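Trainee: I'm new to this one and would like a close look at a single part. Could you take me through one strand and the loop after it, and then show me how the rest fits around that?

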Amino acid sequence: MCITSRAGAQNIVLHLSGSFCVNQQQEFAYAGPGTVTSWVITGAHTSTQSNPDLFVTWTQTGAVSVTCNYTLNGVSNSTGAYPYTVSGTSSPSVSISASAASICSGATVTFTASAVNAGSPIYAWYQGGTSVGGNSASYATSGLTNGQQVYCQVESSNQCASPLIATSNTITETVSPSSTVTAAVALEGSAPCPGSIESFQCTAATNTGSTPPAGYSYQWYRNGSPATGITGPPPNVIAFAAGGLNAGDQVYCKVSTTSGCYTPSVNSNTVSAVFSASETFTPTIGVPKLNYCQGETATFTAQGNYPIGSCQWTSGGVNITGATATTYTFNVASVAQLKAIGLTASTPQTGCIANATQSTGVADAPFVVTPLPFPVPAVTITESGVITGGQPRFTFTATPANAGSLPSYTWSLNGATVGTGPTYNAGALPQGKANLILVQMTATSGICVAPDVVCQSINFEW
């Protein structure tokens, strides 16, 4: 008979001895005849039982044992104690170093690994993510490319290694190709405003697309002579002070290096100094109309040829407290009040705007303000009738006063709406019965009257 111990997905038959790792769960199963009645475990541990299986995790190192008690044909039996050894975990680590971190293309670099807590490990080397080299503590190669990364993994020989495999630091190699260098000068950013600082950047490159090392030096020239300006950082940038360049000045740079992997020196292309045209910010005040009624609410709007940022509304040149939105709403009092309204606005627009904050007003606008009291609108009703087919037909006409040129009308007969417009053709009305004819008139929109809606009615009977 035997006890079977399963660690993970593998079944291991342990006879009279064995070893485990601390804090690693082991599964034991009784593989003989009979029925398991109990398990006896020595050593500090935690366990759970699900007959016929036993799950044990030893929490301390040292000698331990497992005994299975069972019955067979009504007789109690025991497997006897199976002895084991619980060992502590070890954490392997590995670091690597390189004989050189920056090389020219084709040079040999040797990488050396130093493993700790790994016993007699197995080495695996990786270059650019691909497995290279053999099972050795060192790896040499002459096939590195720029930016390629090298690292090492070791698999520990210790039984209780955690983790089993350790990964080293990664070394990124800088490989400079032996190649021809070119240089290109360009204006840095967009063309500056007249009188502003103007900067140029010189970009060095090689025929293989690699970037020259920081050891390159840059000498700038203006109109063929060494230029005076503020260089760097970075060293390939020069800034000419405000007024230090004239439009059309010719600028180029000479790139030099002492590196053995690159062309010693090269001149760039030549570029002309250019400046952007000046721009003007012009704010305006948008008014919804020119004719107002005294006491009416009006809203003025800040506008401009560029986006509006901050605003300050004024009256007679004095700031209006709290009036900093892009709109200003107020009650109209007089023409003088309207003409006194002004605006100081700023724009967030970038570019060559020398006057980003400007003031404007509406003093020249031909405002008209109708003063109080306003005329009172009125409406009268006249009726007329004709005999058609032996039946009288009645028409009612509304006559407005102080209602403007386009008043609107709503007619009702005995409380029910029957028509619109200045006349109401009632047709035949019941004889001997009083009929309530009512017209509601709304004055022309935009004129100054009070109120703007009036009604008139008559009781008509024939």
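Mentor: Let's start with how far to trust the model, then go to strand β44 and the loop after it, and then visit some other spots.

Keep in mind that this is a predicted model. The protein chain has an average pLDDT of 86, and 93% of the residues score at least 70. Confidence does vary from element to element: strand β33 (residues 311-315) has the highest mean pLDDT, 97, while strand β2 (residues 10-14) has the lowest, 31. Over residues 5-17 the pLDDT is below 50, and this stretch has 25 contacts in the model beyond near neighbours in sequence. I'd read that bit with care.

Now for β44 itself. What sits on each of its faces? The covered face carries Asn 435, Ile 437, Val 439 and Met 441, while Leu 436, Leu 438, Gln 440 and Thr 442 are on the uncovered one. If you read those numbers in order, you'll see a familiar pattern: in a regular strand, side chains alternate between the two faces of the sheet.

Next, look at what β44 pairs with. Strand β41 (residues 408-413) runs antiparallel to β44, and six bridges join the two. To find your place there, pick out Trp 411, whose bridge partner in β44 is Val 439. β44 is also joined to β45 by eight bridges, again running antiparallel. Here a handy marker is Ile 437, which has Ile 458 in β45 as its bridge partner. As for what holds such neighbours together, strands of a sheet pair through backbone hydrogen bonds.

Follow the chain onward and you come to the loop between β44 (435-442) and β45 (453-460), which is where Thr 444 is found. Is Thr 444 buried or exposed? Its relative accessibility is 13%, so Thr 444 counts as buried, the cut-off being under 20%. Leaving aside neighbours within four places in sequence, Thr 444 is in contact with Ala 403, Gly 404, Ser 405, Leu 406 and Pro 407. With Ala 403 there is a polar contact as well: a polar atom of the Thr 444 side chain lies 2.9 Å from the backbone oxygen of Ala 403.

Step back along the chain from there and you meet another sheet. Three strands form an open sheet in the order β39-β40-β43, with antiparallel pairing. Its edge strands are β39 (378-388) and β43 (423-427), each pairing on one side only. From one strand to the next, the twist averages 20°. Between β39 and strand β40 (residues 391-401) there are 11 bridges, and the two run antiparallel. One place to look is Thr 380, whose bridge partner in β40 is Thr 399.

For another open sheet, try the one built from four strands in the order β21-β22-β26-β25, also with antiparallel pairing. β21 (181-187) and β25 (230-231) are the edge strands here, and each pairs on one side only. Strand β22 (residues 198-206) meets β26 over four bridges in the antiparallel sense, and Ser 199 stands opposite Ala 239 in β26.

β26 also leads us to a charged pair. Side chains of opposite charge can pair when their charged atoms come close. How many salt bridges turn up in a search of the whole structure? There are two. In one, the side chains of Arg 222 and Asp 249 meet at 2.8 Å, N to O. That pair links distant parts of the chain, 27 residues apart: Arg 222 belongs to strand β23 (residues 217-222), whereas Asp 249 lies in the loop between β26 (237-240) and β27 (250-256). Arg 222 counts as partly exposed at 27% relative accessibility, but Asp 249 counts as buried at 8%. In the other, the side chains of Glu 296 and Lys 289 meet at 2.6 Å, N to O. Lys 289 has a relative accessible area of 31%, so this residue is partly exposed.

One last stop is Ile 103, in strand β12 (residues 102-104). Ile 103 is buried, with a relative accessible area of 10%. Not counting residues up to four places away in sequence, Ile 103 touches Val 109, Leu 144, Glu 173, Thr 174, Val 175 and Ser 176. Take Thr 174 from that list: Ile 103 and Thr 174 are 71 residues apart in sequence, with 6.3 Å between them in space, C-alpha to C-alpha.

Key: Residues numbered from 1 in each chain as written. Predicted model: local features only at pLDDT ≥ 70, side-chain atom pairs only at ≥ 80, totals over all residues. Heavy atoms only, no water. Salt bridge = Lys/Arg side-chain N within 4 Å of Asp/Glu carboxyl O. Buried < 20%, exposed > 50% of the residue type's maximum accessible area, 1.4 Å probe, protein only. Pairing = 2+ DSSP bridges. Axes fitted to C-alpha atoms, helices over the stretch in contact; angles between N-to-C directions. pLDDT = per-residue confidence, 0-100. Contact = heavy atoms within 4.5 Å. Polar contact = N/O pair within 3.5 Å; in protein donor to acceptor, adjacent residues only side chain to side chain.
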